[in-house]
Amino acid sequence: MTPAEALTAARTVAERLREDAVARDQANRLPRAEIDLLRDSGLLSVDPDDHQTTHAVTRIVAAGDASIGHLLGYHYLHLWRASLYDNAELARSLRQEVAADRLFVAAVSNPRDTLTISPNGDTLSISGRGAFATGCAVADRLFVSTIYDDREARLVAVVAGGAEGLSHPPDWDNLGQRLTASGSIVLQDVRVRRSDVLGTFPAGEDESSPRRLRLSLVSLAFQAVLTQVLVGIAEGALGEAARYTRERARPWPASGLGRAVDDPHVLAGYGELSATLRAARLLADDATRALAEADACGLDLTAPERGRAALTISAAKVVSTRLATEAASRIFEFTGARATTRSTGLDRFWRDARTLTVHDPVAYKARELGAFLLTGEIPPITAYS
């Protein structure tokens, strides 16, 4: 699928998702049908190394349904990061399998999880519980990050979605992003072959080593993807609200106008949000370019180059966070009281934005930008920056 074909397919999928987004959000079922829609569209097979295309597709789909855009963006991210580890053959075969069989990939990679992996004869055994395992309940393949060798290293293994000993407690009933299947996951003696191990993170490895710097791009990629999803939420909120204002909103009596779309306050409000959305799109795309350029450096990536990419992505995350929550709230000023009915479903944008924007506190991204401005300090390498 070419980039142009992928963008066209994404628009088709987004429109299909938009049509019944309210009903699906309220039903709060596992997104099996939505994953099948992605399979049939061919979007699961887009080249994960093409960050510009995968991030654009993620944003387009997120505008139709933020949960499904989130799942798709993570799918691309996991396939891309597989190639950063030691087991190049497994990464290649996984990509081929995804393309041939239209598989969906998710991961158990919360940095606070304490899943352990230990030798068990000719295989390895994984046990433990993971929290916020986004998409894992509907995934065909899982990347599982585990503790290994008496906590001296973290190891990443690939597990089949239907593996024996794998279960998904039905505990995801959050305010927003309800169709991301982001509940917990339990692994009880789940067996994997040694050849299913992608690679390790030795605990004592120097952060400035070429390998460690390259692997550290994974945390930046998560932030860049979430930034695109937040911009997609703002796009979706403005699009739905504008449609409602054109078709259903009534002018306030004191305006003396016959149509809500002629009210100067409504026009100015939409105009302000539209202008901010344009800025956020540019910043999000700048973040994607920064990630792509850092990725292209391979093992030649330097700490200053990595730091500059982190700052660019943090700037986009700060602005997209503010925009998504503001836009999803202010649209009610332009649509009126009748738009607050449950059947209208405009509240889903605010709920999705609020849920995603507390994924990791954006104040720490702002702190990184401020520290660089005042002291020249580049962001430290963490699970979130």
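Are Y270 and F334 buried or exposed? Both residues are buried, and the views below, all taken from a predicted model, start with this pair.

**View 1. The aromatic pair of Y270 and F334.** A search of the whole structure turns up 3 aromatic pairs, and here is one of them. The rings of Y270 and F334 are tilted, with 4.9 Å from centre to centre and 45° between the planes. Y270 belongs to helix α9 (residues 264-296) and F334 to helix α10 (residues 303-335), so the two rings tie together parts that lie 64 residues apart in sequence.

**View 2. An edge-to-face pair between two loops, F132 and W172.** Among the 3 aromatic pairs found in the structure, F132 and W172 meet edge-to-face, at 6.3 Å centre to centre and 90° between the planes. Follow the chain and you will find F132 in the loop between β3 (123-130) and β4 (141-148), while W172 sits in the loop between β6 (166-167) and β7 (185-193). The pair thus links distant parts of the chain, 40 residues apart. The two partners also contrast in their surroundings: F132 is exposed, with a relative accessible area of 53%, whereas W172 counts as buried at 14% relative accessibility.

**View 3. Helices α1 and α3 packed against each other.** Helix α1 (residues 3-19) and helix α3 (residues 32-41) pack with their axes 10 Å apart, at an angle of about 155°. An angle over 145 degrees counts as roughly antiparallel, and α1 and α3 are therefore roughly antiparallel to each other. Their crossing is right-handed. To trace the contact, look for A9, V13, R16 and L17 on α1, which meet E34, L37, L38 and S41 on α3.

**View 4. Strands β4 and β5 side by side.** These two strands run antiparallel and are joined by 8 bridges. A handy place to begin is R141, whose bridge partner in β5 is A160. Strand β5 (residues 153-160) is mostly covered, as 6 of its 8 residues are buried.

**View 5. A106 and its contacts.** A106 is found in strand β1 (residues 105-108). With a relative accessible area of 1%, A106 is buried. Which residues does A106 contact, leaving aside its neighbours within four places in sequence? They are H78, T134, G135, C136, A139, R141, L142 and F143. For a sense of scale, the C-alpha atoms of A106 and D40 are 18 Å apart in space, and these two residues are 66 residues apart in sequence.

How values were computed: Residues numbered from 1 in each chain as written. Predicted model: local features only at pLDDT ≥ 70, side-chain atom pairs only at ≥ 80, totals over all residues. Heavy atoms only, no water. Phe/Tyr/Trp six-rings, centres within 6.5 Å; stacked < 30°, edge-to-face > 60°. Helix = DSSP H or I, 4+ residues; strand = E, 2+ residues; numbered from the N terminus. Buried < 20%, exposed > 50% of the residue type's maximum accessible area, 1.4 Å probe, protein only. Pairing = 2+ DSSP bridges. Axes fitted to C-alpha atoms, helices over the stretch in contact; angles between N-to-C directions. Parallel < 35°, antiparallel > 145°, perpendicular 65-115°, else oblique. Left-handed = near helix turned anticlockwise from the far one by under 90°. Contact = heavy atoms within 4.5 Å.
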